[in-house]
Amino acid sequence: MKITSAEFVISNSEVAKCPDSRLPEYAFIGRSNVGKSSLINMLTERKNLAKTSGRPGKTQLINHFLINKSWHLVDLPGYGYAQVSKSAKKTFQKFITAYFEKREQMICAFVLIDSRHKPQPIDLEFMEWLGEHQVPFCIIYTKADKLKPKALERNINDYQAEMLQTWTEMPQYFITSSSSGMGRDEVLDYIDRINSQ
Ligand code: GDP
């Protein structure tokens, strides 16, 4: 998919105030610092569409971007930031669960996982929640350039093996690097394929 336009639409903290539009949307979510903003900028070929986070855990908003005037890319807040208070975590959970439960035009969630790290309970639990609520999702392993090819392959195999203990049907996954552009075509073609169905 060629990106011909990418525009910021709205930020908000209430699902009810998300754009009143039937356009298909694709949500990006992951732990703070996983590389979500960098990935969004890489996918859209815009330097600062999503603000790369100087202060992780700061932005607790749902950000909508209109891509090619035909679909929404949704930047959801990063989760799992240690220095966020318990009540802030609760509010975040409510807010995210409401988004996935209510937003019918949400076609697929991309759950970002840092390819350097071992499976983290917070990510595994989040994906289990998505599964239980029948939210379609894919995994995106980020920052692939930070590992040598062998180590990357080993980490992803380990991650998949861990997930196989819980999942009978495995989600599709992509491997990306925002520095090299790796995985860009695959993610965008995946979205394109669904949009043209
Ligand atoms: P966010 O908090 O998930 O939005 O993460 P950011 O996109 O702000 O990235 C967090 C840090 O990781 C920044 O210092 C980025 O430059 C770095 N980063 C993000 N993606 C990549 C990547 O693919 N490769 C490399 N080498 N660094 C990355």
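Biologist: Which residue in β6 is the bridge partner of D114?

Modeller: Good place to start! This is a predicted model, and in it D114 is bridged to T142 of β6. That pair belongs to a longer ladder: six bridges link β5 (residues 106-114) with β6 (residues 137-142), and the two strands run parallel.

Biologist: How does the chain get from β5 to β6, and what is the handedness of the crossover?

Modeller: The path leaves β5, passes through helix α3 (residues 121-132) and arrives at β6. This β-α-β crossover is right-handed.

Biologist: Which residue of β5 stands opposite E25?

Modeller: That is M106. Here we look at the pairing of β5 with β2 (residues 25-30), which is parallel and has six bridges.

Biologist: What is the order of the strands in the sheet?

Modeller: Read across the open sheet, and the seven strands come as β1-β3-β4-β2-β5-β6-β7, with mixed pairing. At the edges are β1 (6-12) and β7 (173-175), each pairing on one side only. From one strand to the next, the twist averages 25 degrees.

Biologist: Where do the side chains of a regular strand go?

Modeller: As a general idea, they alternate between the two faces of the sheet. Try following β5 in the structure above, with β2 as one parallel partner and β6 as another.

Key: Residues are numbered from 1 along each chain as its sequence is written. This is a predicted model: local features need pLDDT of at least 70, side-chain atom pairs count only at pLDDT 80 or more; totals for chains, interfaces and linings use all residues. Two strands pair if DSSP finds at least two bridges between them. Helices (H or I, at least four residues) and strands (E, at least two) are DSSP runs, numbered from the N terminus. A crossover is right-handed if, with the strands pointing away from the viewer, the path from the first strand over the helix to the second runs clockwise. Axes are lines fitted to C-alpha atoms, for helices over the stretch in contact, and angles run from 0 to 180 degrees between N-to-C directions.
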